[in-house]
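Thanks for coming. I have one structure to show today, and I will go through it region by region. Please keep the model open while I talk.

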Amino acid sequence: MKKLYLLLLSVYLLFCLDSCRQSDEFELKGELEGITSDMILVVFDDPEPKLDTIYPREGKFTYTFSPDTLNTFRLVDDSGETFPIFAEKGWKVSIKGSLAHPVIKGEGPNNEYQEFLQSIATMKDSAQICRQAESFIKSHPASPASAYILHRYFSQSANPNLELIARLTEPLTGKVKDCRVLNEVLQKLPEKGKNTSAYLNYMSIKKRNGEYLTWSSSGTQKQYSLINFWASWDKESVEIKDSLYTLCEKFSKNNLRIVNFSLDYNKEEWQKNTQKDTEQWIEVCDYKGWNNQILKQQNVQRLPFNILIDRNRKILGTNLYGKVLQTKIEALIAEDKQQK
């Protein structure tokens with residue numbers, strides 16, 4: 001009898017532990033249309049930056065984890081479409097439709113973000129959409145959804161209105177201002193007595209081996225990235241790209257990597273002019289040509305063009321070539337050594 005009692009008690013305790021674990025889990029169920037890739041990238045913004053992947057089957061998936069606090073992350077597909085998700089203990093969230101036109105159900109900011117999307121669903125005029133976004137932000141100063149809306153509709157443009165961004169940011173609560181997405185927006189605002197710092201928006205770039213290029217600010221090495229834009233149909237940009245390869249011999253992979261971003265539309269033409277990928281030399285192409293988001297953000301009108309950034313995606317220089325580029329990188333590395 002005693003053995004039976006202990007057995008029943010053990011089963012009961014296991015059931016309780018499993019129930020507690022399930023109640024702490026966040027669950028996201030998806031049923032998306034138009035997913036052409038075999039994976040969806042999960043980009044965590046808060047409380048710490050990290051990457052994960054979802055492998056949908058015919059667009060369906062279930063993604064779970066146990067958050068200790070409010071987590072915010074974005075779902076990113078191959079086309080570059082992104083959508084924010086807000087995760088807390090025990091929350092159940094569902095997303096249907098597509099990342100471009102999603103329908104999301106769930107607690108807290110998830111419902112708030114969906115309400116905003118519904119409010120602009122029939123709007124065609126971008127100015128009208130921005131006015132609605134401005135209204136949402138003003139009426140939801142404590143919602144992390146406001147940070148993503150501010151980032152998407154006011155920061156991600158070639159010429160952001162910094163005065164308007166500053167006014168919209170001012171009444172937001174401390175927790176919202178501290179989130180990483182909004183911090184990226186705030187970096188664009190001028191500080192008193194200082195020049196405006198420019199940061200690139202997060203980029204979802206897949207390498208030829210299918211892995212995504214990471215832009216995490218974590219790690220012990222201070223690695224700089226030169227994003228070099230070129231195209232097989234632009235002879236000058238091809239010659240400059242080839243000349244950059246010597247930098248891989250001059251600098252360690254822990255100090256510099258070169259990301260050659262092609263504006264080609266044709267895969268064969270692109271690959272004809274590429275070299276073998278290494279940790280330091282990376283060739284990528286999204287086949288969007290001039291519609292690439294980075295070019296739009298920087299208002300680039302011609303090739304060749306390059307951007308030197310640090311691991312936080314802060315822009316350190318543009319259109320640096322030859323001895324000027326080499327000297328700049330050497331100075332940055334020397335400065336890092338002095339700070340250690």
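Tyrosine 287 sits in the loop that runs between strand 11 and helix 11. This is a predicted model, so please take every value I give as computed from it. The phi of tyrosine 287 is near 60 degrees, which is a positive value in a residue other than glycine. Is tyrosine 287 buried or exposed? Neither label applies: its relative accessibility is 30%, so tyrosine 287 counts as partly exposed.

There is another residue of that kind. Glutamate 58 has a phi near 55 degrees, again positive and again in a residue other than glycine. Glutamate 58 belongs to the loop between strand 3 and strand 4, the latter covering 60-65. Here the side of the cut-off is clear: exposed means over 50%, and glutamate 58 has 82% relative accessibility, so it counts as exposed.

Glutamate 58 also turns up in the contact list of leucine 32. Leucine 32 is part of strand 1, residues 26-32. Its relative accessible area is 6%, and because buried means under 20%, leucine 32 is buried. What does leucine 32 touch, leaving out residues up to four places away in sequence? The list is Ile40, Glu58, Gly59, Phe61, Ile95, Lys96, Gly97, Ser98 and Leu99. Valine 103 is 71 residues from leucine 32 in sequence, and their C-alpha atoms are 9.7 Å apart.

Next, the cis peptide bonds. The bond from aspartate 46 to proline 47 is cis, with omega near 5 degrees. Proline 47 is in the loop between strand 2, residues 40-46, and strand 3, residues 50-54. The bond from leucine 303 to proline 304 is also cis, with omega near -5 degrees. Proline 304 is in the loop between helix 11 and strand 12.

Aspartate 46 leads to cysteine 179, which touches Asp46 and Ala147 once residues up to four places away in sequence are set aside. Where is cysteine 179? It is in the loop between helix 6, residues 174-178, and helix 7, residues 180-186. With 10% relative accessibility, cysteine 179 counts as buried. Threonine 72 is 107 residues away from cysteine 179 along the chain, yet the C-alpha atoms of the two are separated by 8.9 Å.

Back to proline 304 and the strand that follows its loop. Strand 12 covers residues 305-309, and 5 of its 5 residues are buried. Which residues lie on each side of strand 12? Phe305, Ile307 and Ile309 are on one side, Asn306 and Leu308 are on the other, and all are buried, so both faces are covered.

Strand 12 has pairing partners. With strand 9, residues 224-230, the pairing is antiparallel over 5 bridges. Within that pairing, leucine 226 has leucine 308 as its bridge partner. With strand 13, residues 315-318, strand 12 pairs in the antiparallel sense over 3 bridges, and isoleucine 309 stands opposite isoleucine 315. Strands 12 and 13 form a hairpin with 5 residues between them. In that turn, arginine 313 has a positive phi of about 70 degrees.

Now the largest pocket. How much space lies in it? About 1,200 Å³. Its lining is made up of 42 residues, and those nearest the centre are Ser79, Gly80, Glu81, Ser204 and Lys288. Several elements give two or more residues to the lining: strand 5 (71-76), strand 6 (82-87), helix 4 (144-155), helix 10 (267-272), strand 11 (281-285) and helix 11 (293-298). Which element gives the most? Helix 11 does, with 4 residues. By type, the lining divides into 16 nonpolar, 14 polar and 12 charged residues.

Last, confidence. The chain averages a pLDDT of 84, and 87% of the residues score at least 70. Over residues 192-197 the pLDDT stays under 50, and the model has 7 contacts for them beyond four places in sequence. Residues 217-221 also have a pLDDT below 50, with 8 contacts in the model beyond near neighbours in sequence.

That is what I have; questions are welcome.

Terms used:
Residues are numbered from 1 along each chain as its sequence is written. This is a predicted model: local features need pLDDT of at least 70, side-chain atom pairs count only at pLDDT 80 or more; totals for chains, interfaces and linings use all residues. Side-chain values use heavy atoms; hydrogens and water are left out. Buried means under 20% relative accessible area, exposed over 50%, partly exposed in between (1.4 Å probe, protein chains only). Two strands pair if DSSP finds at least two bridges between them. pLDDT is the predictor's confidence in each residue, from 0 to 100. Contact means heavy atoms within 4.5 Å. On a 1 Å grid over the protein atoms alone, a cavity is a set of points where a 1.4 Å probe fits but cannot get out, and a pocket is an open set with protein on both sides within 12 Å along at least five of seven lines; lining residues have an atom within 4 Å of a point. Grid points are joined across faces, edges and corners, and a volume is the space filled by probe spheres set on the points. Ala, Val, Leu, Ile, Met, Phe, Trp, Tyr, Cys and Pro count as nonpolar, Asp, Glu, Lys and Arg as charged, and the others, Gly among them, as polar.
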